[in-house]
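Biologist: Please give me a close look at one part of this model. Set the scene with the whole chain, then stay with that part and work outwards from it.

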Amino acid sequence: MPEAGRSLQVGVLAVQGDFAAHRRMLRELGAEATEVRLPEDFESLDGLVIPGGESTTIAMGIESSGLEDPIRAHHAAGRPILGTCAGMIICDDEHLGLLGATARRNAWGRQLQSFETDLALEGLGEEPLRAVFIRAPWIERYDPEVEVLAEFEGHPVAVRDRHVLACAFHPELTDDLRVHALFMAMVTGAADRLLGQAESSR
């Protein structure tokens, strides 16, 4: 954990998408969850969520708000990022380049082709995860070091690349906290590691 008495602080990018639902889930897991709209909102963040929405709109919002450099700095410092649906696209190597993979937009079609299914997601136990896909991407190509956590119809839909966790579905639209809990475990581990590095350098 971070310094004694301080809750883990996780920012949710509030450019577009259901960022309030992500905040509710993170708070249920004990995090101090805040909305991120400006570069100064990154101060003291231990983790960042990039939610779903429309990837082009989110990318434009990141650029117009001057958030690209703070997001890159957060990633470079080893602080975890969770990207869901459009957030997966924003993280990929054709956008911010935080994920060694390329996502295919609207891979199963537009809004009318949205669906739900049960997924087996590595690290979440034996019980299937109910996944909500809305104009969802899939991972088209990924580097060897990228870990595939779940597939649907032969396509990766949840992956982890070091401290970036990305999923093609919307974990915030169900009552299942396990994806956010997996992310919070990554945030906790990174906070411990960074605190240890800071103490050893004193």
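**From the whole chain to one helix and its surroundings**

Modeller: Start with the surface. The chain exposes about 9300 Å² of accessible surface, and carbon and sulfur atoms own 48% of that. Keep in mind that this is a predicted model.

Next, the overall build. The chain holds five helices and 11 strands. Its C-alpha trace spans about 55 × 40 × 35 Å along the principal axes. The radius of gyration is 16 Å, which agrees with the value near 17 Å for a compact globule of 202 residues. Half of the chain is tucked away: 50% of the 202 residues are buried. Now take the contacts with a separation of 6 or more. Of these, 67% join residues 24 or more positions apart.

The part to look at closely is helix α1, which covers residues 19-28. Its buried residues are F19, A21, H22, R23, M25 and L26. Note the mix: H22 and R23 are buried along with F19, M25 and L26. One general point helps in reading such a list. An α-helix has 3.6 residues a turn, so residues three or four places apart point the same way.

What do these buried residues of α1 pack against? Their partners are four strands and a helix. The strands are β1 (9-13), β2 (32-36), β3 (47-50) and β4 (81-84). The helix is α5 (178-200). Just after α1 comes G30, with a positive phi of about 95°.

Work outwards through the partners, beginning with β1. Q9 sits in this strand. At 16% relative accessibility, Q9 falls under the 20% cut-off and therefore counts as buried. Setting aside residues up to four places away in sequence, Q9 touches E32, S44, L45, D46 and G47. Two of these fall in other partners of α1 by their numbers: E32 lies in β2 and G47 in β3. For a sense of scale, look at Q9 and E126. They are 117 residues apart along the chain, and their C-alpha atoms are separated by 29 Å.

Now follow β4. C85 lies in the loop between β4 and α4 (86-91). With a relative accessible area of 3%, C85 is buried. Its backbone deserves a glance, as phi is near 55°, a positive value in a residue other than glycine. In general, most residues other than glycine have a negative phi. R162 has the positive sign too, with phi near 55°. Its setting is the loop between β10 (155-161) and β11. R162 is exposed, with a relative accessible area of 59%.

C85 leads on to H170. That residue is in the loop between β11 (164-167) and α5, and α5 is the helix that α1 packs against. H170 is buried at 9% relative accessible area. Beyond its neighbours within four places in sequence, H170 contacts G52, C85, V132 and I134.

I134 is also a link to an open space. Among the residues lining the second largest pocket, G53, E54, N106, I134 and R135 lie nearest its centre. This pocket has a volume of about 170 Å³. Its 13 lining residues divide into five nonpolar, four polar and four charged.

The α5 side has a closed space to inspect. The structure holds one cavity of 30 Å³ or more. It encloses about 30 Å³. L121, L149, A158, L165, C167, F169 and V179 form its lining. By number, V179 falls within α5. L165 and C167 fall within β11. What classes of residue make up this lining? Seven are nonpolar, with no polar and no charged residues.

Last, a residue in another helix. A73 belongs to α3 (residues 68-76). At 45% relative accessibility, A73 counts as partly exposed. F42 is 31 residues away along the chain, and the two C-alpha atoms are separated by 9.6 Å.

Methods. Residues numbered from 1 in each chain as written. Predicted model: local features only at pLDDT ≥ 70, side-chain atom pairs only at ≥ 80, totals over all residues. Heavy atoms only, no water. 1 Å grid on protein atoms, 1.4 Å probe; cavity = no way out; pocket = protein on both sides within 12 Å on 5 of 7 lines; lining within 4 Å. Points joined across faces, edges and corners; volume = space filled by probe spheres on them. Nonpolar A, V, L, I, M, F, W, Y, C, P; charged D, E, K, R; others polar. Helix = DSSP H or I, 4+ residues; strand = E, 2+ residues; numbered from the N terminus. Rg over C-alpha atoms; globule rule 2.2 N^0.38 Å. Buried < 20%, exposed > 50% of the residue type's maximum accessible area, 1.4 Å probe, protein only. Contact = heavy atoms within 4.5 Å. Areas by Shrake-Rupley, 256 points an atom, 1.4 Å probe, with all protein chains shown as cover.
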